[in-house]
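Let's take a walk through this model together, starting with a charged pair and ending in the interior.

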Amino acid sequence: MEKMARVTTALGGNTLTGRTMYCHLDAPANAISVCRDAAQVVVAGRNIFKIYAIEEEQFVEKLNLRVGRKPSLNFSCADVVWHQMDENLLATAATNGVVVTWNLGKPSRNKQDQLFTEHKRTVNKVCFHPTEAYMLLSGSQDGYMKCFDLRKKDSVSTFSGQSESVRDVQFSIRDYFTFAATFENGNVQLWDIRRPDRYERMFTAHNGPVFCCDWHPEDRGWLATGGRDKMVKVWDMNTNRAKEIYCVQSIASVARVKWRPECKHHLATCSMMVDHNIYVWDVRRPYIPSAMFEEHRDVTTGIVWRHLHDPYFLLSGSKDSTLYQHIFKDASQPIERANPEGLCYGLFGDLAFAAKESLVTADSNRKPYPGDRRHPIFFKRKLDPTEQFESVSSSALSVFETEPDSSSMGWFVDTARRYALAGRSLAELCDHNAKVAKELSRNQVAQTWTMLRIIYCSPGTMPSANLNHSIGKGSASLPLMNSFNLKDMASGMGSEARLDWSKGENRSENILLDSSATLITNDENEETEGSDVPADYLLGDVEGDEDELYLMDHENAHTEEPEYVLPQEAFPLRHEIVDNPSGPDHLQDKADSPHVSGNEAETVSLTPVESFSLISISHTLYESRLPPDFFSALVRDMLRFYAEQGDVQMAVSVLIVLGERIRKEIDEQTQEHWYTSYIDLLQRFRLWNISNQVIKLSTCRAITCLNQASTTLHVNCSNCKRPMSNKGWICDRCRQCASTCAVCHHVVKGLFVWCQGCSHGGHLQHILKWLESSTQCPAGCGHLCEYT
Amino acid sequence: MVFLTNNHPVFAQFQKEEKRIRVSQPSTRGPSAFIPEKEVVQANTVDERTNLLVEEYSTSGRLDNITQVMSLHAQYLESFLRSQFYMLRMDGPLPLPYRHYIAIMAAARHQCSYLINMHVDEFLKTGGIAEWLNGLEYVPQRLKNLNEINKLLAHRPWLITKDHIQKLVKTGENNWSLPELVHAVVLLAHYHALASFVFGSGINPERDPDTSNGFRLISVNNFCVCDLANDNNIENASLSSNFGIVDSLSELEALMERMKRLQEEREDEEASQEEMTTRFEKEQKESLFVVSRAFDDDIVSTSDVSRYIEDPGFGYKDFARRGEDHLPTFRAQDYTWENHGFSLVNRLYSDIGHLLDEKFRMVYNLTYNTMATHEDVDTTMLRRALFNYVHCMFGIRYDDYDYGEVNQLLERSLKVYIKTVTCYPERTTKRMYDSYWRQFKHSEKVHVNLLLMEARMQAELLYALRAITRHLT
């Protein structure tokens with residue numbers, strides 16, 4: 001029959017028409033409800049109870065139901081509902097706990113029909129049975145729900161929720177006997193109208209009060225609930241346990257929720273406080289409302305869809321004393337304005353990037369990029385043809401993969417493991433680290449370490465052991481620097497296999513191609529805008545003619561830049577030195593300074609050194625006189641350079657090794673940033689010990705305090721298996737010492753090892769020994785303990 | 001093995017023992033002047049949990065008198081201490097010394113030297129500037145601006161409008177951000193209400209010679225409630241010993257009888273709308289005469305306390321006597337804690353909402369199903385009457401409550417006590433405390449005090465938060 005009605009409205013030229021419009025009420029509204037014919041709306045509040053006719057251009061007041069001189073609290077409505085079967089029948093819930101029914105067919109001015117004064121507290125909600133003409137349900141603050149038969153004077157049955165106040169009651173639309181009730185303590189109960197003794201089912205839906213619920217008009221098992229915890233949840237009640245299938249996070253507590261007619265996944269919400277807008281959500285898209293009505297100036301208190309089968313007209317009443325009709329085409333659609341993007345970095349350097357298709361293609365057309373390594377996959381979400389307001393959600397996912405070889409970050413792990421950061425003299429640390437870098441064939445890094453040693457370990461302070469390595473050639477540190485600029489740089493980079501990187505890698509490209517091809521065929525079945533993207537275009541994209549790179553940009557640059565970046569860094573230095581007059585009184589040091597470069601530089605080609613040696617000797621004299629501060633700027637730039645290159649490991653390591661010498665040169669924030677990046681990397685590679693060492697050695701307060709966070713260790717008592725809330729080792733429940741060794745039964749002093757599974761433990765040695773011979777817990781509890 | 005030595009159970013036990021002794025020993029009168037020492041201490045020895053709670057949540061690290069008295073209701077104590085600890089010590093928009101200074105300002109409105117002394121210590125301990133303690137002239141303008149809202153909130157919260165809020169938050173040199181303001185308001189309401197509890201339960205000053213410092217200028221004896229109370233002691237003793245017992249026994253029976261009748265009668269007694277309104281008004285009017293003695297002339301305020309406040313003469317004025325302003329009654333259903341207050345407070349000062357929510361819920365639902373000597377009594381009605389009566393005095397009206405019940409359930413002496421404790425707590429005397437519900441246990445009277453305190457706090461919060469909401473819309 002309802003279907004019929006819809007057909008007539010649709011075909012008989014009677015389709016709902018209208019525009020966004022509003023009218024002023026005299027007082028704030030608490031609730032609204034529509035007549036079945038979608039032509040009238042009733043507004044109820046503390047000081048208002050009126051019926052308005054919805055006309056083409058305006059609302060027209062038809063009837064004021066608040067009659068009589070003296071305002072009665074019975075008129076002070078918390079909720080109102082219009083019967084969906086009988087156009088003359090209305091019910092209101094009063095704040096003083098009275099349930100009133102109204103019969104518009106009455107000839108007298110006072111349309112009040114019946115008065116039920118059974119509830120002791122405010123009635124929050126009334127609800128008519130969707131098909132039964134005389135059945136009315138109410139839910140009250142006093143914790144009771146009552147079912148009234150309008151032919152009788154009293155309630156037919158009373159349901160006690162056995163918990164706190166009832167906030168909403170709703171008859172199921174399909175199950176004749178079922179209704180749902182929501183409670184202030186976060187519970188939702190399902191009742192059978194025939195069984196008032198106990199509920200059929202109960203589950204906790206929200207944290208804090210559940211203000212509202214609504215059964216899905218088509219899907220019989222779905223119930224949407226909204227709560228003070230700002231969530232809207234959709235529950236599937238078909239299964240044995242209510243299952244949460246969707247969850248929408250709003251920005252304020254949810255006061256009302258109403259499924260949108262004819263749109264399976266859409267629902268409208270308004271909030272209780274602070275936020276005045278009405279949102280229409282696609283529950284599958286929980287982070288952004290698909291439509292938004294922003295007309296009200298105070299909180300919206302009631303929302304209702306104008307017609308049971310028309311998804312485009314929404315009526316709302318508000319505390320700002322207005323009644324609105326919202327038209328869907330006037331809604332603002334935040335989705336339109338949003339640019340959804342997703343970016344994720346894999347452990348081995350793979351990068352996935354998803355963005356709106358239009359965005360990506362537009363971009364790539366504008367900015368073709370050579371040397372592409374991208375495998376874009378285009379896919380479309382299957383669109384529900386009935387949902388015309390769904391914004392076209394086709395997006396492009398690009399996956400950037402690294403070459404298998406380069407993806408092994410072996411050098412990083414090795415370096416992290418082998419670097420020495422503290423505990424020895426600076427010179428030794430530098431030497432050690434240079435050696436490590438060298439062995440991993442990272443020449444540039446090795447050189448840097450060597451240079452640092454030269455800069456900061458003035459010959460006077462050099463350990464004599466190092467002097468033995470001196471080669472005795474007239475080479476000095478500075479020329480050496482030049483030498484590696486010219487020659488070693490390139491090879492150093494090459495050996496790190498970064499050049500190969502840029503070549504790209506076609507692993508699994510075929511698969512991706514296939515999948516995108518199948519997706520395309522899917523797309524062609526859809527009749528949505530954008531699905532007619534030609535397949536060859538997609539394929540072309542796969543081949544990677546165009547690209548816009550975000551993260552890849554600097555990776556790419558990495559291969560080319562060093563050749564010119566580093567020299568820039570080094571040359572000014574040389575000029576500076578040349579400009580300075582040499583200090584003759586430091587000739588004495590001259591003999592010492594050459595050593596400095598010697599020990600690690602054997603492999604570094606010395607030829608350039610010799611070629612420069614004539615110039616350099618004279619500078620050496622000067623160099624040793626320079627205070628180490630002189631180089632600070634240079635070293636700082638060097639660290640920055642490494643960090644920008646992505647080798648934050650080097651930056652942090654140098655920072656730690658040099659410590660005070662360089663720290664003040666770099667601002668705290670940058671340091672902190674480097675530390676966090678490095679620690680993050682280390683932890684991704686599960687180098688816990690090293691990351692911990694780095695944290696410990698760091699001088700940034702923000703970093704060192706990482707080690708002071710969450711230092712609590714929660715222990716179970718080995719006797720009663722309950723968590724020990726007490727500090728110390730005496731369980732406050734069973735009053736026994738919890739730290740006895742399960743093997744020797746003595747109290748453990750010192751290292752105590754225990755099983756997290758069964759809480760038993762003991763001396764490390766004892767447990768180790770025990771577990772060698774047995775897999776079971778020594779306490780005999782039968783738990784299969786593991787020591788790893 | 002560090003922890004073993006530090007927290008060795010025996011040792012810990014010893015510490016606790018010591019702590020308890022230290023608190024109760026020097027004061028022979030116990031934590032409260034109204035409640036015999038043995039009532040409180042007994043309860044304490046039983047309750048290990050209290051000590052644990054104190055260890056975890058006390059800012060001063062000791063078992064103070066308030067906690068001792070509250071530990072009669074251990075369930076409640078936990079939520080009380082948790083929320084208080086959160087306001088004072090956990091993440092919040094205000095710096096720690098500010099929080100304590102605001103507490104001092106709030107307590108000063110009721111000349112509650114107990115709370116002032118306590119927070120002067122804490123204020124200094126958290127690094128507050130000692131100079132501020134010389135009075136309001138010495139604090140930053142920003143804090144000083146809070147004075148107005150403190151005054152209104154304490155005595156006539158219904159006068160708070162969005163203009164007050166706007167004045168505080170409007171941009172300028174000394175403006176408050178909304179989260180800061182909400183934090184301050186929560187603190188103010190908490191300490192106003194706590195002052196009610198302190199006076200209502202006759203909390204004795206802490207005996208703690210080692211914390212005396214230069215700023216502890218407020219002499220403890222000046223306002224010591226117990227002195228007032230002691231004067232009445234003899235009189236009271238003779239009163240109760242002679243005919244009090246018999247009398248109060250029948251009183252109790254009568255109360256039980258009335259409760260029962262109300263419960264049964266509810267349905268058939270159909271009061272008209274007007275009737276209900278009149279009842280509310282009547283209850284309000286009646287509360288006018290509840291405190292008959294004219295106190296207005298002898299406003300006690302020495303410079304010790306009043307330096308933290310301005311306009312010390314400003315006090316509670318009966319809502320019903322609001323006169324020509326014709327302020328509408330606050331309809332509880334239009335702005336409830338559960339629906340509105342919570343959301344706002346939690347939004348601006350995260351998590352406090354949950355803690356307060358739990359505390360209100362706890363105190364409202366707390367029951368042992370006993371009344372004096374009777375067991376298995378549903379006291380819901382009585383609790384609701386107490387709660388709503390407090391709100392009634394602040395002009396908050398519940399549509400779904402029949403204020404006739406208040407009249408039937410709360411005897412006159414109890415009304416006097418309630419009115420005094422919530423509106424002029426500093427005037428509470430032991431005689432008032434003793435004169436109502438003579439058959440009831442002390443723990444039950446403490447329960448009453450808890451209800452009054454929380455109802456008052458909620459009323460203040462509702463007014464303040466409603467003003468903030470109006471400011472926002």
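Is R195(A) buried, partly exposed or exposed? R195(A) has a relative accessible area of 38%, so it is partly exposed (buried means under 20% relative accessible area, exposed over 50%, partly exposed in between, with a 1.4 Å probe and protein chains only). A quick word on ground rules: this is a predicted model, where local features need pLDDT of at least 70 and side-chain atom pairs count only at pLDDT 80 or more, while totals for chains, interfaces and linings use all residues. Residues are numbered from 1 along each chain as its sequence is written, chains are lettered from A and ligands numbered from 1 in the order in which they are written, and side-chain values use heavy atoms, leaving out hydrogens and water.

Back to R195(A): it forms a salt bridge with E200(A), with the closest N and O atoms 3.7 Å apart (a salt bridge is a side-chain nitrogen of Lys or Arg within 4 Å of a carboxyl oxygen of Asp or Glu). E200(A) is partly exposed too, at 45%. Next door in the numbering, R194(A) pairs with D192(A) at 2.7 Å; here R194(A) is exposed at 51%, whereas D192(A) is buried at 11%.

Further along chain A, E665(A) and R636(A) meet in a salt bridge of 3.3 Å, N to O. This pair links distant parts of the chain, 29 residues apart: E665(A) sits in the loop between α20 and α21, and R636(A) in helix α18 (helices are DSSP runs of H or I, at least four residues, and strands are runs of E, at least two, numbered from the N terminus). Another set of salt bridges shares partners, joining R46(A), R331(B), D334(B) and D399(B) into one network. Over all chains, the count is 37 salt bridges.

Now for the interior. The largest nonpolar core has 171 residues, and Y101(B), L115(B) and L146(B) have the most contacts inside it (such a core is a set of buried Ala, Val, Leu, Ile, Met, Phe, Trp, Tyr and Cys residues joined through side-chain atoms within 4.5 Å). Apart from it lies another core of 52 residues, including V436(A) and L687(A).

L146(B) also belongs to helix α10 of chain B, where it is among the buried residues. Nine of the ten residues in that helix are buried, so the rest of the structure largely encloses it. Its buried residues pack against α7, α9, α11, α12 and α22 of chain B.

Definitions and conventions
Contact means heavy atoms within 4.5 Å.
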